[in-house]
Amino acid sequence: MPPTRAELEAAKDLVIEDVLGPGLEVLFCGINPGLYSAATGHHFARPGNRFWPALHRSGFTPRLLSPAEQDLLPSFGLGITNVVPRATAQAAELSAEEFRQGGVRLARLVAEVRPRVLAVAGVTAYRTAFGRPKAAIGPQEERVGEAPVWVLPNPSGLNAHWTLERIAGELRRLRESLGRPPL
């Protein structure tokens, strides 16, 4: 059952737990949780978000996972975090300073968890958090700690000029760059 309007309003500023595990190949990083995700406690949970379908179509998972199955990700060498951990109705509610602080937090997390690659889903968030105004979708020259960075399109349904197939294609490029066969 979807969250009620009251549950969505109560989710403002909540934080969702990171999905982490040992030996992560890819740590996916969203911009920040939306209210729907915060109300459910699951990353990329809003209906219409293309993260989970794109992850499956790209070959990272053997089947389409639901947001409620996010805890299965570490068994596939995958994890999820956010640049800014607090939930908002829109990413536009976040300040540039929050993004910069999120970049510092993310660098600490990457140093601790040591994923093979950090994949940031949102080019504008990456640009702001790490002071890289010319960053584009795809692999970056810069690293966060020891981890190479791959910037992915934001999978939100609001990012309409990126279709599900194009998002899945970028995820597939990332998977193939790691030498991972499709699951």
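This passage describes the strands, helices, internal spaces and selected residues of a predicted model.

Strand β3 spans residues 117-121. Five of its five residues are buried, so β3 is largely enclosed by the rest of the structure. Burial applies to both faces of the strand. On one side lie Val117, Ala119 and Ala121. On the other side lie Leu118 and Val120. Two strands pair with β3. Strand β1, residues 26-30, pairs with β3 in the parallel sense over four bridges. Within this pairing, Phe28 has Ala119 of β3 as its bridge partner. Strand β5, residues 147-152, also pairs with β3 in the parallel sense, over four bridges. Here Ala121 stands opposite Leu152 of β5.

Helix α5 covers residues 123-130. Its buried residues are Val123, Ala125, Tyr126 and Ala129. Viewed down the helix axis, these buried residues fall within an arc of 160°, so they line one face of α5. They pack against four elements: α4, β3, β4 and β5. Of these, β4 comprises residues 138-144. Gly131 comes just after α5 and takes a positive phi of about 60°.

Helix α5 also contributes to the largest pocket. The volume of this pocket is about 930 Å³. It is lined by 40 residues, and the closest to its centre are Ile31, Ala91, Asn154, Ser156 and Leu158. Two helices, α2 (35-40) and α5, each supply at least two residues of the lining. The largest share comes from α5, with four residues. By class, the lining of the largest pocket holds 21 nonpolar residues, 18 polar residues and one charged residue.

The search of the whole structure also finds one cavity of 30 Å³ or more. The largest cavity contains about 40 Å³ of space. Its lining consists of Phe51, Ala54, Ala121, Leu152, Pro153, Pro155, Ile167 and Leu171. Helices α3 and α6 are the elements that give two or more residues to this lining. By class, the cavity lining has eight nonpolar residues, no polar residues and no charged residues. Two of the lining residues, Ala121 and Leu152, are the residues that stand opposite each other where β3 meets β5.

Helix α6, residues 164-177, holds Arg175. Arg175 is buried, with a relative accessible area of 5%. That value falls below the 20% limit for burial, so this arginine counts as buried. Beyond its neighbours within four places in sequence, Arg175 contacts Ser58, Gly59 and Phe60. It also contacts Arg180, Pro181 and Pro182.

Leu164 lies in helix α6 as well. It is buried too, at a relative accessible area of 18%. Its contacts outside the four nearest places in sequence are Arg50, Pro53, Ala54 and Arg57. Ala54 is also part of the lining of the largest cavity. Leu164 and Gly23 are 141 residues apart in sequence. In space, their C-alpha atoms are 28 Å apart.

Backbone geometry sets two further residues apart from the general pattern. Most residues other than glycine have a negative phi. Phe44, in contrast, has a positive phi near 50°. Phe44 lies in the loop between α2 and α3, the latter spanning residues 51-57. It is buried, with a relative accessible area of 13%. Arg114 likewise has a positive phi, of about 55°, although it is not a glycine. Arg114 sits in the loop between α4, residues 96-113, and β3. Its relative accessibility is 62%, and Arg114 therefore counts as exposed. Phe44 is thus buried, whereas Arg114 is exposed.

Note on methods. Residues numbered from 1 in each chain as written. Predicted model: local features only at pLDDT ≥ 70, side-chain atom pairs only at ≥ 80, totals over all residues. Heavy atoms only, no water. 1 Å grid on protein atoms, 1.4 Å probe; cavity = no way out; pocket = protein on both sides within 12 Å on 5 of 7 lines; lining within 4 Å. Points joined across faces, edges and corners; volume = space filled by probe spheres on them. Nonpolar A, V, L, I, M, F, W, Y, C, P; charged D, E, K, R; others polar. Buried < 20%, exposed > 50% of the residue type's maximum accessible area, 1.4 Å probe, protein only. Contact = heavy atoms within 4.5 Å. Pairing = 2+ DSSP bridges. Arc of directions from axis to C-beta.
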